[in-house]
Amino acid sequence: MPTKNLKPGDQRIDDALDTSGVRHRATLKQEWPLLALLIFVWCALWQDFSPANLIFGVIIALVIVTLFPLPPVVLSGRMNVWYCLQLFIWFVGQVFVASFEVARLAIFRGKKTRSGVIAVPLRTDSDLIVTTVGHVLTLIPGSFVIDVDRSSSTLYLHYINIESRQDMDRAREAVRDIERRMIMAIGSRDEFDAIKHECGPNLMRMKGKK
């Protein structure tokens, strides 16, 4: 097999096969973030974080990564605890707010509520961030990821209460805001600098002392 001609940092090709064509297999050290995410998603879906369900979640996660091995996900090597805490608090708040909004639409508008499928191209090329953004969106009531274009980091979402182009634009901005928060928390240094440059003074006021 010929040597691959890769662009610097092209993870999507490099993490699948080595130069001899042999599939990479992630180590436990590389897979622990995926395991932790699978356990969290399992408990969140069941709404049960009891020790017994956590242990069962660990077993399920280990079975999944063993039977369906994925290429190793390259971590950014950066994690900001403060932004992670902000992300978690924001996420919990969004779950409550979106739950009341969906309930309001169901009670007062019912079948008149219109939904839509929208495509949202993300700025990142990190598989980890694309995946976590998709999971966050799915766990927040009112949105659901139906497909992902890995080559272009585009999420295809079913979104509730979409009646105009303005609603679609607001939905896309909401998704990109989740991506921004995720990059600030666990994105690479280059991605963080790009977000900081894009947001300008607004991000610096949020940032405070890093």
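**Entry 1: a helix on the sheet**

I started with helix H5, which lies across S2 and S3 and runs at about 155° to S2. The model is predicted, and I keep that in mind throughout.

Next I looked up the sheet under this helix. I found an open sheet of 3 strands, in the order S1-S3-S2, with antiparallel pairing. S1 and strand S2 (143-149) are the edge strands, and each pairs on one side only. From one strand to the next, the twist averages 25°.

I then checked how S2 is held to S3. The two strands run antiparallel and are joined by 6 bridges. For a register point I noted Val-148, which stands opposite Leu-155 in S3. A reminder to myself: strands of a sheet pair through backbone hydrogen bonds, either parallel or antiparallel.

**Entry 2: the cores**

Which residues have the most contacts inside the largest nonpolar core? I listed Val-133, Leu-137, Leu-155, Leu-157 and Val-175, in a core of 28 residues. Then I asked which elements give two or more residues to this core. They are helix H4 (81-108), strand S1 (115-121), helix H5 (127-139), strand S3 (154-160), helix H6 (165-186) and helix H7 (189-199). H6 gives the most, with 7 residues.

I picked Leu-137 for a closer look. Leaving out residues up to four places away in sequence, Leu-137 touches Ser-143, Val-145, Leu-155, Leu-157, Val-175 and Ile-178. A second, separate core has 5 residues, among them Leu-35, Ile-39, Cys-43 and Ala-61.

**Entry 3: H4 against H6**

I turned to the packing of two helices. H4 and H6 meet at an angle of about 150°, and their axes are 8 Å apart. From H4, the contact takes Tyr-83, Cys-84, Leu-87 and Trp-90. From H6, it takes Asp-177, Ile-178, Arg-181, Met-182, Met-184, Ala-185 and Ile-186. I sorted these residues by character: 9 are nonpolar, none is polar and 2 are charged.

I took one residue from each helix. Cys-84 lies in helix H4. Is Cys-84 buried or partly exposed? Its relative accessible area is 23%, so Cys-84 counts as partly exposed. Setting aside neighbours within four places in sequence, Cys-84 is in contact with Met-79, Ala-185 and Ile-186. I also looked up a C-alpha separation here. Cys-84 and Met-184 are 100 residues apart along the chain, yet their C-alpha atoms are separated by 8.1 Å.

Arg-181 lies in helix H6. Its relative accessible area is 19%, and the cut-off for buried is under 20%. Arg-181 is therefore buried. Beyond residues up to four places away in sequence, Arg-181 touches Leu-87 and Trp-90.

**Entry 4: salt bridges**

How many salt bridges does the structure hold? I noted 8. I went through some of them.

Asp-167 forms one with Arg-170, with the closest N and O atoms 2.2 Å apart. Why about one helical turn between Asp-167 and Arg-170? Because they are 3 residues apart in helix H6. The two partners differ in burial: Asp-167 is buried, at 15% relative accessible area, whereas Arg-170 is exposed, at 54%.

Further along H6, the side chains of Asp-177 and Arg-180 meet in a salt bridge, at 2.5 Å from N to O. Both lie in helix H6, 3 residues apart, about one turn of the helix. Arg-180 has 10% relative accessibility, so I logged it as buried. Arg-181 comes up again here. Asp-177, Arg-180 and Arg-181 are linked in a network of salt bridges. Asp-177 and Arg-181 are also among the residues of the contact of H4 with H6.

My last stop was helix H7. The side chains of Asp-193 and Arg-189 meet there in a salt bridge, at 3.7 Å from N to O. These residues both lie in H7, 4 residues apart, about one turn of the helix. I checked their accessibility too. Asp-193 is partly exposed, with a relative accessible area of 31%. Arg-189 is partly exposed as well, with 38%.

How values were computed:
Residues numbered from 1 in each chain as written. Predicted model: local features only at pLDDT ≥ 70, side-chain atom pairs only at ≥ 80, totals over all residues. Heavy atoms only, no water. Core = buried A, V, L, I, M, F, W, Y, C linked by side-chain atoms within 4.5 Å. Buried < 20%, exposed > 50% of the residue type's maximum accessible area, 1.4 Å probe, protein only. Contact = heavy atoms within 4.5 Å. Axes fitted to C-alpha atoms, helices over the stretch in contact; angles between N-to-C directions. Nonpolar A, V, L, I, M, F, W, Y, C, P; charged D, E, K, R; others polar. Pairing = 2+ DSSP bridges. Salt bridge = Lys/Arg side-chain N within 4 Å of Asp/Glu carboxyl O.
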